[in-house]
Amino acid sequence: MTAASNPFFPSSSRRGPGAARGVVSSNDPPLAARRRALALLAGSLGLLLVRPARATPEELAKVLRELFGDNPVTTGKVKLELPKLAENGAVVPVTVVVDSPMSEQDHVKSVHLFAEKNPQPRIVDVYLTPYSGRARVASRIRIADSQHILAVAALSDGSLWSTAVQVEITVAGCGL
Amino acid sequence: MSWLANPRVRVPERAKRGEVFEIRAMVDHPMESGFRLDNVGKPITRNIVQSFTCTYDGHEVFRAVLHPAVSTNPYFLFYAVASNSGELHFDWTDDQGDSVKHVARIEVEG
């Protein structure tokens, strides 16, 4: 789904998706919330060049600014594997894979995971070197609520790449 | 008393030179987030594993900075390039400054 072809987030038309289907009016609050959620989804998944700082709540935006400054974050290169539906938010398996040769000249320096709806947005930061050989990391994390999980990878050339994945949680992460 | 205990590490016994091998590491730790309350409503002091590192053949191959959103008994899977026979050093440190270390050996052939 790209921003240009996204029927839920028209830039010129004032008609909402519900109005288009004749179901509910476009200024219906739940629909507005849904539209915001979809805008967030489009912002984090669809656009070629995104600043996740813009599409996410304030605290996460602040953390991202602290970590990456004003450097642009591009969607791509990062693959985030999470269960679509996790029964227990206290232990959610996660795997991050970054498309990188992991050579001296071109390698992943760090991978950062964020959860916008956790009490603290940062989950874990991992640092890799060319001696790591492969840019694949797995762990187990706590997720407080159904939400997007964001992964950002910093490469040795200074570029930043990201992806976001939606996770549904049945029982919230213990102690979070 | 330290909350860190029982480090478990899985490293292959041998590997070919240049091969990328898988490492799994886990340690016992409650990862107390600092967001929970005790039975009289007082916040329980945060104590999590703050950092985990793995070095091999004089190089850092993996380092993690953990936050309260990492699960109890933190687990990591990662990789390293087989360069020379030797030891892999694993080190976990928590908020109280306690640490636990573990050493694994790998034989590199060819």
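A residue is counted as buried if 20 or more other C-beta atoms lie within 10 Å of its own C-beta atom. By this criterion, buried residues account for 37% of the 176 residues of chain A. The structure described here is a predicted model, and every value reported below was computed from it.

The secondary structure of chain A comprises 4 helices and 10 strands. Along the sequence, these elements of chain A are arranged in the pattern α-α-β-α-α-β-β-β-β-β-β-β-β-β. Of the contacts in chain A with a separation of 6 or more, 61% join residues that are 24 or more positions apart.

The association of the two chains was examined next. At the interface, 27 residues of chain A are in contact with 24 residues of chain B. On the side of chain B that touches chain A, at least two residues are supplied by each of strand E5 (59-66) and strand E6 (75-81) of chain B. The most is given by E5(B), which provides 8 residues to this side. In terms of composition, the residues on the side of chain B that touches chain A comprise 17 nonpolar, 4 polar and 3 charged.

Strand E5(B) also takes part in strand pairing between the chains. Strand E7 of chain A, formed by residues 122-128, pairs with E5(B) in the antiparallel sense, and the pairing extends over 5 bridges. Within E5(B), B:Arg63 stands opposite A:Tyr127.

Backbone geometry was then considered for two residues of chain B. Most residues other than glycine have a negative phi. B:Asn6, although not a glycine, has a positive phi of about 55°. This residue, B:Asn6, is found in strand E1 of chain B, which spans residues 5-10. B:Asn6 is classed as exposed because 11 other C-beta atoms lie within 10 Å, and the limit for an exposed residue is 12 or fewer.

A positive phi of about 55° is likewise assigned to B:Asp57, which is not a glycine. B:Asp57 is located in the loop that lies between strand E4 (49-56) and E5 of chain B. With 17 other C-beta atoms within 10 Å, B:Asp57 is partly exposed; this class covers residues between the limits of 12 or fewer for exposed and 20 or more for buried. The loop that holds B:Asp57 thus adjoins E5 of chain B, the strand that gives the most to the side of chain B that touches chain A.

Key. Residues numbered from 1 in each chain as written. Chains lettered and ligands numbered in written order. Predicted model: local features only at pLDDT ≥ 70, side-chain atom pairs only at ≥ 80, totals over all residues. Contact = placed C-beta atoms within 7 Å. Nonpolar A, V, L, I, M, F, W, Y, C, P; charged D, E, K, R; others polar. Pairing = 2+ DSSP bridges.
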